[in-house]
Number of protein chains: 2
Amino acid sequence: MSINQVADFLLSRDNFEILTHAYPDGDTLGSGYGLCLALQQLGKNARVITTNLPKDFVFLTEGVKEQSFEAQTIVSVDVADEKLLGSNFEKYHGKIELCVDHHRINRVEADIKLVEPEAAANCEILYRLFGVMNVEITRQIANCLYTGVSTDTGCFKYGNTTSTTMRIAADLLDTGIDAALINKVMFDTKTKLKIRLEQEIYGTIDYFANDRGAIIAVTREMQKRLGVGDDELEGLASIPRQIEGVLIGITMREKEDGVFKVSVRTDRSVNAAEYCAMFGGGGHAEAAGCTVKGTLDEAKAQLKKAAEGVL
Amino acid sequence: MSINQVADFLLSRDNFEILTHAYPDGDTLGSGYGLCLALQQLGKNARVITTNLPKDFVFLTEGVKEQSFEAQTIVSVDVADEKLLGSNFEKYHGKIELCVDHHRINRVEADIKLVEPEAAANCEILYRLFGVMNVEITRQIANCLYTGVSTDTGCFKYGNTTSTTMRIAADLLDTGIDAALINKVMFDTKTKLKIRLEQEIYGTIDYFANDRGAIIAVTREMQKRLGVGDDELEGLASIPRQIEGVLIGITMREKEDGVFKVSVRTDRSVNAAEYCAMFGGGGHAEAAGCTVKGTLDEAKAQLKKAAEGVL
């Protein structure tokens with residue numbers, strides 16, 4: 001569906017519920033609240049449906065009016081698969097009319113789909129859509145869209161960042177938003193507990209294959225001992241891969257006794273998706289995941305052996 | 001001097017030596033090698049003069065021709081004060097004809113000065129200058145300018161980033177440079193030793209004033225024991241300030257027995273420059289420095305007491 005047709009669809013409808021994915025991040029929430037603000041600006045009723053709203057993202061709801069209405073139009077943003085609606089799956093699956101997304105593989109069954117995998121962030125698509133719909137990009141809308149674009153590109157650091165991404169961010173900065181504050185909250189803030197956890201993890205980095213591989217592991221015992229919640233585990237996967245010379249960085253996280261969730265980050269010379277496929281997992285060329293069973297030592301030994309094979 | 005006049009000056013001259021500041025960073029080196037490539041593209045002789053070239057920046061020299069000539073025109077880039085030429089001060093002070101810089105206070109005595117403090121990076125000024133001079137922005141020149149813009153803005157994260165910064169970066173991306181690789185080297189690579197040092201430092205964070213202040217210290221004993229060179233100490237100052245709730249983050253580094261170099265990073269609610277002025281130092285509102293004498297405990301006590309006064 002073309003962006004103009006999607007704009008026409010939105011302009012012709014009312015009473016929107018906008019669905020975000022579970023474990024919501026900056027891009028799904030920025031998309032959701034940005035679209036909500038845009039629709040309300042056009043005189044329509046709209047609300048965002050999310051499983052939860054982490055406190056760092058509460059500022060995105062600024063200016064959103066609480067409206068009482070019966071939902072008529074269901075839109076999903078940044079949702080690649082209805083299963084990712086989490087606790088909202090039961091209520092909404094099969095009811096999405098419009099799906100706006102940027103994931104390469106999108107499995108949402110919707111009447112109207114606007115899926116653009118070349119967009120670094122879903123918020124980029126919404127920015128262009130708002131242009132077609134003549135939405136005024138207020139500072140509040142810009143806060144939402146900037147947050148999505150910035151978080152999905154690691155603050156314009158990753159390879160998905162294009163010149164279009166940068167120009168959209170430039171337009172958003174021109175509204176006068178405090179991007180530095182947003183970025184500080186998103187990228188430069190750690191809790192005391194997170195610092196404590198990183199200290200512990202740094203002490204247990206397991207280098208192998210002449211330091212071309214590195215594994216870190218977070219056990220349930222460690223989490224319990226340090227009092228670390230799941231929130232603090234965000235972003236750990238980037239630690240082993242950041243180390244100079246490491247081509248494959250593996251992060252193990254004990255889910256329940258004998259089950260480890262594994263995140264793999266690789267240099268371009270090693271395919272992370274192919275590596276994870278050996279364990280029944282998958283993902284992207286430089287970032288993938290899988291699940292491994294066994295004790296910590298057994299699971300680690302399996303992961304190392306396979307890694308030595310691909311290095 | 002207007003940018004057109006500076007362009008005319010460069011076009012009318014030849015045999016350039018381009019001076020960078022000591023402890024060279026991405027912006028001074030990106031400016032230096034970018035300008036050198038541009039001048040060589042225009043058929044002129046040029047070379048970069050730097051105190052040293054850290055290995056991460058060697059890629060900036062790609063495509064630079066080694067030319068043999070007698071220097072006639074001395075240009076400084078990103079140099080706020082001739083003293084900052086370091087070991088090149090003796091040879092070059094008083095000889096700079098053109099100074100291109102973006103520091104708010106520039107003390108270089110040069111015939112021609114192009115100083116634009118609103119530019120986030122000196123490389124921004126050069127990008128616009130190259131436009132006036134009809135320099136073709138090759139991929140090699142774009143590598144240089146992007147490195148300067150990216151490093152001086154913390155990858156577009158800090159408050160100095162403007163929409164102009166973003167649009168210039170967009171134009172540079174359009175040349176096809178591998179910005180993700182540059183950013184990985186600049187921002188996402190740590191040595192094993194650095195990890196080891198951070199682990200040690202995390203264990204010694206000293207919180208005070210109800211966790212609104214945090215101090216870390218690197219002693220000579222610690223450096224010696226871990227085998228950590230001065231290179232590994234880069235970027236440590238951001239650690240204490242990153243902790244949630246910390247308004248003043250203080251990093252102490254023992255230079256010689258009884259002398260500590262202190263870096264201070266603050267929230268907007270606390271003025272770092274005013275704080276450091278109490279110890280005879282200075283700097284910016286959110287990043288400043290000073291020197292404190294005494295044993296570690298004495299110096300720390302002084303710094304804490306003063307911090308408690310301003311919190």
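## Q&A on a predicted two-chain model

Tutor: Let's start with Thr165(B), which sits in helix H6 (residues 163–173) of chain B. Keep in mind that this is a predicted model.

Student: Is Thr165(B) buried or exposed?

Tutor: Look at what Thr165(B) touches beyond four places in sequence: Ala120(B), Glu124(B), Val149(B), Thr153(B), Phe156(B) and Asn160(B). Its relative accessible area is 0%, and anything under 20% falls in one class. So Thr165(B) is buried.

Student: How many of the 11 residues of helix H8 (residues 192–202) of chain A are buried?

Tutor: The buried ones include Lys194(A), Ile195(A), Leu197(A) and Tyr202(A). Their cover includes strand S7 (213–218), helix H9 (220–226) and helix H10 (238–242) of chain A, together with helix H8 (192–202) of chain B. H8(A) is largely enclosed by the rest of the structure, because the buried count is 8.

Student: Which residue forms a salt bridge with Glu200(A)?

Tutor: Glu200(A) counts as buried at 17% relative accessibility, while its partner is partly exposed at 33%. Both lie in helix H8 of chain A, 4 residues apart, about one turn of the helix. Residues three or four places apart point the same way, because an α-helix has 3.6 residues a turn. With the closest N and O atoms 3.7 Å apart, the partner is Arg196(A).

Student: Which residues are linked with Arg196(A) and Glu200(A) in a network of salt bridges?

Tutor: The structure holds 40 salt bridges over all chains, and the Glu200(A)–Arg196(A) pair is one to follow further. The network adds Glu221(A) and Arg225(A).

Student: How many residues apart in sequence are the parts that Glu97(B) and Arg13(B) tie together?

Tutor: The two form a salt bridge, with their closest N and O atoms 2.8 Å apart. Glu97(B) lies in the loop between helix H3 (89–92) and strand S4 (98–101) of chain B, and Arg13(B) in the loop between helix H1 (3–12) and strand S1 (16–19) of chain B, so the separation in sequence is 84 residues.

Student: Of the 104 residues in the largest nonpolar core, which touch the most other members?

Tutor: Contacts of one candidate in chain B, beyond four places in sequence, include Phe16(B), Leu35(B), Val75(B) and Met133(B). That candidate shares the top spot with its chain A counterpart: Leu10(A) and Leu10(B).

Student: Which helix gives the most to the lining of the largest cavity?

Tutor: That cavity has a volume of about 30 Å³. Its lining residues include Leu37(B), Phe59(B), Gln140(B), Asn143(B) and Cys144(B), and they divide into 4 nonpolar, 2 polar and 1 charged. With 3 residues, the top contributor is helix H5 (residues 139–152) of chain B.

Terms used. Residues are numbered from 1 along each chain as its sequence is written. Chains are lettered from A and ligands numbered from 1 in the order in which they are written. This is a predicted model: local features need pLDDT of at least 70, side-chain atom pairs count only at pLDDT 80 or more; totals for chains, interfaces and linings use all residues. Side-chain values use heavy atoms; hydrogens and water are left out. Helices (H or I, at least four residues) and strands (E, at least two) are DSSP runs, numbered from the N terminus. Buried means under 20% relative accessible area, exposed over 50%, partly exposed in between (1.4 Å probe, protein chains only). Contact means heavy atoms within 4.5 Å. On a 1 Å grid over the protein atoms alone, a cavity is a set of points where a 1.4 Å probe fits but cannot get out, and a pocket is an open set with protein on both sides within 12 Å along at least five of seven lines; lining residues have an atom within 4 Å of a point. Grid points are joined across faces, edges and corners, and a volume is the space filled by probe spheres set on the points. Ala, Val, Leu, Ile, Met, Phe, Trp, Tyr, Cys and Pro count as nonpolar, Asp, Glu, Lys and Arg as charged, and the others, Gly among them, as polar. A nonpolar core is a set of buried Ala, Val, Leu, Ile, Met, Phe, Trp, Tyr and Cys residues joined through side-chain atoms within 4.5 Å. A salt bridge is a side-chain nitrogen of Lys or Arg within 4 Å of a carboxyl oxygen of Asp or Glu.
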